[in-house]
Amino acid sequence: MDRASKIIHADWAHQRRINGAGVTVAVLDTGCRYDHPDFWNERRQSRIIAFEDFVNGKSDCYDDAGHGTHVAGILGGNGAFSRGRYMGVAPECSLIILKVLDYMGRGEVTAMLQALEWIQKNQEKYQIRIVNISVGTRGIADGGEHSGLVRGVEKIWDQGIVVVAAAGNQGPAPGSIGSPGISRKIITVGASDDDVPIQVNGKKIKDYSGCGPTRYCICKPDLVAPGNTIVSCGPNGYQVKSGTSMSTPMVSGAVALLLSRYPQMDTRAVKIRLKNSCVPLSRPRAKQGWGILDVAKMLGGNSSG
């Protein structure tokens with residue numbers, strides 16, 4: 001998180017005490033380690049304000065895979081366990097953890113849809129502004145834009161909730177964006193640094209970030225952020241993971257910073273601000289979208305500082 005956060009200039013916001021306070025983010029993943037110090041505030045109160053388990057039906061917040069804890073840490077870890085070295089992008093945001101994946105990181109679309117329905121019903125109660133989805137399925141195989149999953153994320157987007165989803169790790173072929181990232185409405189995030197090989201299931205892969213366009217000729221991803229060898233929260237302090245799953249919460253965290261500073265912004269305004277805040281890379285549009293996010297530029301600052 002320290003290296004990647006500097007790349008997207010989130011430290012500019014932290015220095016000005018823009019930390020995501022007052023913004024609630026729902027994370028759909030494998031769960032989260034409730035007892036990790038990075039998810040508690042200075043008053044010894046947990047910033048995980050709600051938990052629902054759509055896989056095993058448990059009531060206590062947990063993570064039997066580690067993926068969700070890592071994602072939540074990138075988004076909103078406060079670095080308490082590392083004395084600030086490994087801090088997430090929005091270290092004062094509130095988190096809602098919705099478990100939709102099992103201990104192997106596998107999940108059913110029905111669990112995702114149940115979580116999205118829960119968000120619809122509880123949006124006002126918890127003042128949910130953002131949903132992070134660092135998971136996805138292959139877009140063509142599940143009905144594309146007309147699938148229940150895409151319709152589900154677009155429904156909560158239309159309710160005024162910013163949805164941020166991963167492009168997936170099935171690149172670099174054209175049309176390799178995962179679902180629900182194929183949705184034309186939501187914000188889809190790819191990895192800016194997937195030219196560096198990583199180990200996945202015992203194999204080295206590179207150029208893995210999902211590429212557009214979708215089969216409906218929608219330009220995706222919308223933008224990119226760092227995703228390689230990211231240090232974030234884990235079962236014994238911190239761990240390292242790579243993929244577009246890691247890039248996605250960087251953007252969700254950045255949106256939390258934006259909404260903490262400009263709480264009246266709607267989904268359309270957020271998307272436009274993100275678009276205008278990206279810095280193009282020397283990559284095809286189908287690989288990078290608008291470019292790499294610059295948080296300082298997004299918040300009206302000077303990223304060169």
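Trainee: Which backbone nitrogen lies 2.9 Å from a polar atom of the side chain of Ser82?
Mentor: Good place to start, and keep in mind that this is a predicted model. Ser82 sits in the loop between α3 (67–76) and β3 (94–99). From there, a polar atom of the Ser82 side chain is 2.9 Å from the backbone nitrogen of Tyr86.

Trainee: Which side chain does a polar contact of 3.1 Å join to that of Ser82?
Mentor: A polar contact is a pair of N or O atoms within 3.5 Å. At 3.1 Å, the pair here links the Ser82 side chain to the side chain of Tyr238.

Trainee: Is Ser82 buried or exposed?
Mentor: Buried means under 20% relative accessible area. Ser82 has a relative accessible area of 18%, so Ser82 counts as buried.

Trainee: What share of the 305 residues in the protein is buried?
Mentor: Let's step back from Ser82 to the whole chain. Of the 305 residues, the buried ones make up 58%.

Trainee: How many helices and strands does the protein have?
Mentor: Happily, you can follow along in the structure above. The secondary structure comes to nine helices and 15 strands.

Trainee: What is the radius of gyration of the protein?
Mentor: For 305 residues the globule rule gives 19 Å. The protein's own value is close to that, so the protein is as compact as a globular protein of that length. Its radius of gyration is 17 Å.

Trainee: How far apart do the centres of the positive and negative side chains lie?
Mentor: There are 36 positive and 27 negative side chains in the protein. The distance between the centres of the two sets is 5 Å.

Terms used:
Residues numbered from 1 in each chain as written. Predicted model: local features only at pLDDT ≥ 70, side-chain atom pairs only at ≥ 80, totals over all residues. Heavy atoms only, no water. Helix = DSSP H or I, 4+ residues; strand = E, 2+ residues; numbered from the N terminus. Rg over C-alpha atoms; globule rule 2.2 N^0.38 Å. Buried < 20%, exposed > 50% of the residue type's maximum accessible area, 1.4 Å probe, protein only. Lys, Arg positive; Asp, Glu negative; His and termini not counted. Charge placed at Lys NZ, Arg CZ, Asp CG, Glu CD. Polar contact = N/O pair within 3.5 Å; in protein donor to acceptor, adjacent residues only side chain to side chain.
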